[in-house]
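Open the structure in your viewer and keep the sequence panel visible. This tour goes from one selection to the next and says what is found at each stop.

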Amino acid sequence: MNWWEYAFMQRALVGGVMVGVLTAVIGVFVVLRGMSFMGTGIAHASFGGVALGLLVGIDPVLAALAFCLAVAWGIGAVTRRGALKEDTAIGIFFAATMALGALLMGLRQGYNVDLFAYLFGSVLAISTGDLYWILGVGALVLLTVYLLYKEFVFIAFDPEGARVAGLPEPALYYLLLTLIAVTVVVALKVVGIVLVSALLVTPAAAAYRLSETVGEMIAWAVALSVTSVVVGLLLAYGLNTASGATIVLTATAFFGLTLLWGRKD
Amino acid sequence: MADPLDIPADVPAVEMREVEVRLQGRVILQDINLRIEQGSFWALLGPNGAGKTTLLRVIVGLIRPTRGTVRVFGRPPWALGPWRRAIGYVPQFHHVDLRFPVRVKDVVMMGRYGVLGLFRRPGPEDWQRVAEALERVGIAHLADRPLRALSGGERQRVFLARALVTQPRLLLLDEPTAAVDVAASQSLYDLLRQLHREGMTVVMVSHDVGVVAQFVDSVACLNRRLVAHGRPEVVLTADTLDEMYGCQAVFFHHMPGATPHMVVRPDDAEQKP
């Protein structure tokens, strides 16, 4: 039987491509706004949520969403009040939620095979239900970006200028944090907690070096991200390697190529 | 110039009473009383860390004073409503990623986003305004260039065009010549004088004491407090400068009758709050 005849491979490809598009688009704003570490912090916050969900028997994805939103807004609030620098706030929240997750997992009996799937992704175990969830939530996120495109570009470029121009910059910032949190949770199944920030950052960072406008950057990021997902999945199937890790390393290889051929500044 | 905003001509452009600003416990500005009439041209002088940038940020509504009242065209700067477009602000843009993938005309268009409102895309009229603003500052030919390909002086003009694109009545500039060579500074000053002649109120933070004194009609000397303010020839005395800059100021009179030339001991590490 050929690889494309397996239903699990078909679901993996469809799910992976949808997630690849979503993370690429949001990742462009993450990279432009200089929030790469924020993406990593929010992603790791989901570990506490997943662990709690597995322990008490609620849907780990929903628990992860609650944790990611709480941490994203928490970091935003602490930073904007000027109490802490952003990277310090991220460092604290991120370590605390990881510790909480580890503590909760310790309370759970037996071998944590599910947790491993959430940590490193299990693209080959994506169900049809997962695909509908990715499609629905992803469409909502992309629609929001489409409607508020010019505002998100402005606050990424010059948040202060946006406030002076009369845009509701704080609200837009929190909305962007919300979109990042939602995107992270949607991408969890495909690449896992540890690697999801790579899908947010790497294709967008490669695209940054190839683009003269934000529109071009989004197009490049989506193209590189989707290619990385498809090539990575096929390599993982052929080489029998971990799918999430193979996808991320493929994306990293593309980024390496842009270092050689992208603009030099 | 037609004024669709209906701002009364007799209300001061900026009025500050007893303004105090504390940032993270530190007093940055204290006892500021200032009245800037419409149509005037002010220079805001002072040493590094004197609170010049903070004062501009209070006027544009980015910082609320801890004490005292601020009025811009008679309204609080954070409640200007449609009059917000009457303020044009040219910040020091070192907080901006100058390699950001964006074209010059798109940066200028950002100035109109507040007028456009959420969700709406720019139309032909907005692009017309962008073209006019670029023409005004003399860089119409750079409209389609990426921002990162520009020189310091050209970038400064892009941010000036962005401030002008809403046709403001009050223009605030934070050290507009900081990253610009002498020739470019001179032509920027010429442009500001032209805008002033057409009726715009201009407030400019500067270090260029000698140059500025030649063409502004009022000067405010700031060192956390307002040391002095008024007409340049009255304000810019050795005593004032001494009080403002401490003992760092050295005052030169090259020849009788010429504008005094002042040298401040170099201290390039500008500290921003």
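Begin by selecting Val14(B) and, in strand 4 of chain B, Val72(B): the two residues stand opposite each other. The model you are looking at is predicted.

**The three-stranded sheet of chain B**

Widen the selection to the two strands around that pair. Strand 1 (residues 14-23) of chain B and strand 4 of chain B are joined by five bridges and pair in the antiparallel sense. Strands of a sheet pair through backbone hydrogen bonds, either parallel or antiparallel.

Add strand 2 of chain B to see the rest of this sheet. Three strands make up an open sheet with the order 2-1-4, and the pairing is antiparallel. At its edges are strand 2 and strand 4 (67-72) of chain B, each of which pairs on one side only. From one strand to the next, the twist averages 25°.

Now show helix 1 of chain B as well. Helix 1 packs on this sheet and touches strand 1, strand 2 and strand 4 of chain B. The direction of helix 1 makes about 120° with that of strand 1 of chain B.

**The six-stranded sheet of chain B**

Next, select strands 5, 6, 7, 3, 8 and 9 of chain B. In that order they form an open sheet of six strands, with mixed pairing. Strand 5 (87-90) and strand 9 (225-230) of chain B each have a single partner strand, so one side of each is left without a neighbour in the sheet. On average, neighbouring strands here are turned by 15° against each other, direction ignored.

Helix 1 (residues 52-60) of chain B packs on this sheet too, touching strand 3 (41-45), strand 5, strand 6, strand 7 and strand 8 (218-223) of chain B. The angle between the direction of helix 1 and that of strand 6 of chain B is about 150°. Helix 5 (residues 152-164) of chain B also packs on the sheet, where it touches strand 5 and strand 6 of chain B. Its direction makes about 165° with that of strand 5 of chain B.

For a detail inside the sheet, zoom in on strand 6 (residues 170-174) and strand 7 (residues 201-205) of chain B, which run parallel and are joined by five bridges. Which residue of strand 7 stands opposite Leu170(B)? Select Thr201(B) to see the partner.

**Salt bridges in chain B**

Turn on the side chains. Over all chains, the structure holds 18 salt bridges.

Select Arg225(B) and Asp31(B), whose side chains meet in a salt bridge at 2.8 Å, N to O. Arg225(B) lies in strand 9 of chain B and Asp31(B) in strand 2 (residues 26-36) of chain B, so the pair ties together parts that are 194 residues apart in sequence. Arg225(B) is partly exposed, with a relative accessible area of 37%; Asp31(B), at 37%, also counts as partly exposed.

Move to Arg17(B) and Glu15(B), which form a salt bridge with the closest N and O atoms 3.3 Å apart. Is each partner buried or exposed? Arg17(B) is partly exposed, with a relative accessible area of 47%, whereas Glu15(B) counts as buried at 18% relative accessibility.

Then select Glu125(B) and Arg129(B), a salt bridge of 3.5 Å, N to O. Both residues lie in helix 4 (residues 124-136) of chain B, four residues apart, about one turn of the helix. Arg129(B) counts as partly exposed at 21% relative accessibility. Elsewhere, salt bridges that share partners join Glu15(B), Arg17(B), Arg35(B) and Glu37(B) into one network.

**A helix start in chain B**

Select Val182(B), which is placed in helix 6 (residues 182-197) of chain B. With 71% relative accessibility, Val182(B) counts as exposed. Its C-alpha atom is separated by 10.0 Å from that of Gly153(B), a residue 29 residues apart from it along the chain.

**Two helices of chain A**

For the last stop, switch to chain A and select helix 7 (residues 149-157) and helix 9 (residues 169-208), whose axes come within 10 Å and cross at roughly 100°. Helix 7 and helix 9 of chain A are therefore roughly perpendicular to each other.

Show the side chains where they meet. Helix 7 of chain A brings Glu151(A), Phe152(A) and Ile155(A) to the contact. From helix 9 of chain A come Glu169(A), Leu172(A), Tyr173(A), Leu175(A), Leu176(A) and Leu179(A). The residues of this contact divide into seven nonpolar, no polar and two charged.

Technical notes: Residues are numbered from 1 along each chain as its sequence is written. Chains are lettered from A and ligands numbered from 1 in the order in which they are written. This is a predicted model: local features need pLDDT of at least 70, side-chain atom pairs count only at pLDDT 80 or more; totals for chains, interfaces and linings use all residues. Side-chain values use heavy atoms; hydrogens and water are left out. Two strands pair if DSSP finds at least two bridges between them. Axes are lines fitted to C-alpha atoms, for helices over the stretch in contact, and angles run from 0 to 180 degrees between N-to-C directions. Contact means heavy atoms within 4.5 Å. Angles under 35 degrees count as roughly parallel, over 145 as roughly antiparallel, 65 to 115 as roughly perpendicular and the rest as oblique. Ala, Val, Leu, Ile, Met, Phe, Trp, Tyr, Cys and Pro count as nonpolar, Asp, Glu, Lys and Arg as charged, and the others, Gly among them, as polar. A salt bridge is a side-chain nitrogen of Lys or Arg within 4 Å of a carboxyl oxygen of Asp or Glu. Buried means under 20% relative accessible area, exposed over 50%, partly exposed in between (1.4 Å probe, protein chains only).
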